[in-house]
Amino acid sequence: MKLVPLADRVILKQDSAEETTKSGIILASQTQEKPQQAEVVAVGPGTDDVQMTVKVGDKVVYSKYAGTEVKLEDEEYIIVKQNDILAIVEE
């Protein structure tokens with residue numbers, strides 16, 4: 001099974017949450033803050049008004065409360081609109 005985004009939607013695979021603090025304290029799963037960084041795994045075709053600027057493989061930062069979480073075949077994804085993506089992370 002495969003997710004195919006429509007219009008100006010982008011499918012993200014979220015980076016894993018930090019399990020320990022910098023000082024070495026192990027965090028319980030309830031206290032771990034979800035990261036706002038993710039990798040783009042699929043990009044929709046865009047619309048007449050929206051040209052897609054992200055591509056598969058890009059590392060991005062997205063709005064904290066954006067998107068819809070989806071679980072497919074034991075993998076978790078987030079579907080967001082392209083305008084919910086704030087930046088592309090360049091290495």
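In what order do the six strands form an open sheet? In this predicted model, the order is β4-β5-β1-β2-β3-β6, and the pairing is antiparallel.

**Figure 1. The protein chain as a whole, built from six strands and zero helices.** Read from the N terminus on, the elements of the chain run β-β-β-β-β-β. The chain has 91 residues, of which 25% count as buried, and its accessible surface comes to about 6700 Å², with 49% of that area belonging to carbon and sulfur atoms. Among the contacts with a separation of 6 or more, 61% are accounted for by residues that stand 24 or more positions apart.

**Figure 2. The open sheet and its edges, with the six strands in the order β4-β5-β1-β2-β3-β6.** The edge strands are β4, residues 68-72, and β6, residues 85-89, each of which pairs on one side only. On average, and with direction ignored, neighbouring strands of this sheet are turned by 40° against each other.

**Figure 3. The pairing of strand β1 with strand β2, which run antiparallel.** Strand β1 covers residues 9-14 and strand β2 covers residues 37-43, and five bridges join the two. Lysine 13 has glutamate 39 of β2 as its bridge partner. Both of these residues reappear in the next view, where their side chains are considered.

**Figure 4. Salt bridges of lysine 13 and glutamate 39.** Side chains of opposite charge can pair when their charged atoms come close. The structure holds four salt bridges, and one of them brings together the side chains of glutamate 75 and lysine 13, at 2.5 Å from N to O. Because glutamate 75 lies in strand β5 (residues 75-81) and lysine 13 in strand β1, this pair ties together parts that are 62 residues apart in sequence. Glutamate 75 is partly exposed, with a relative accessible area of 31%, and lysine 13 also counts as partly exposed, at 32% relative accessibility. In another salt bridge, the side chains of lysine 59 and glutamate 39 meet at 3.8 Å, N to O. Here too distant parts of the chain are linked, with lysine 59 in strand β3 (residues 59-62) and glutamate 39 in strand β2, 20 residues apart. Lysine 59 is partly exposed, its relative accessible area being 31%, and glutamate 39 counts as partly exposed at 32% relative accessibility.

**Figure 5. The salt bridge between aspartate 58 and lysine 55.** The closest N and O atoms of this pair are 3.2 Å apart. Aspartate 58 has a relative accessibility of 9% and so counts as buried, since the limit for that class is under 20%. Lysine 55, by contrast, has a relative accessibility of 53% and therefore counts as exposed, the limit for that class being over 50%.

**Figure 6. The largest nonpolar core, with twelve residues.** In soluble globular proteins, nonpolar side chains tend to be buried together. The core seen here consists of Val10, Leu12, Ala38, Val40, Met52, Val54, Val60, Tyr62, Ala66, Ile78, Val80 and Ile85. Strands β1, β2, β3 and β5 are the elements that give two or more residues to this core.

**Figure 7. The surroundings of alanine 38, a residue of the largest nonpolar core.** When its neighbours within four places in sequence are left aside, alanine 38 is in contact with Leu12, Lys13, Gln14, Asp15, Asp58, Lys59, Val60 and Tyr62. Among these contacts, Leu12, Val60 and Tyr62 also belong to the core, while Lys13 takes part in the salt bridge with glutamate 75.

Conventions
Residues numbered from 1 in each chain as written. Predicted model: local features only at pLDDT ≥ 70, side-chain atom pairs only at ≥ 80, totals over all residues. Heavy atoms only, no water. Helix = DSSP H or I, 4+ residues; strand = E, 2+ residues; numbered from the N terminus. Buried < 20%, exposed > 50% of the residue type's maximum accessible area, 1.4 Å probe, protein only. Contact = heavy atoms within 4.5 Å. Areas by Shrake-Rupley, 256 points an atom, 1.4 Å probe, with all protein chains shown as cover. Pairing = 2+ DSSP bridges. Axes fitted to C-alpha atoms, helices over the stretch in contact; angles between N-to-C directions. Core = buried A, V, L, I, M, F, W, Y, C linked by side-chain atoms within 4.5 Å.
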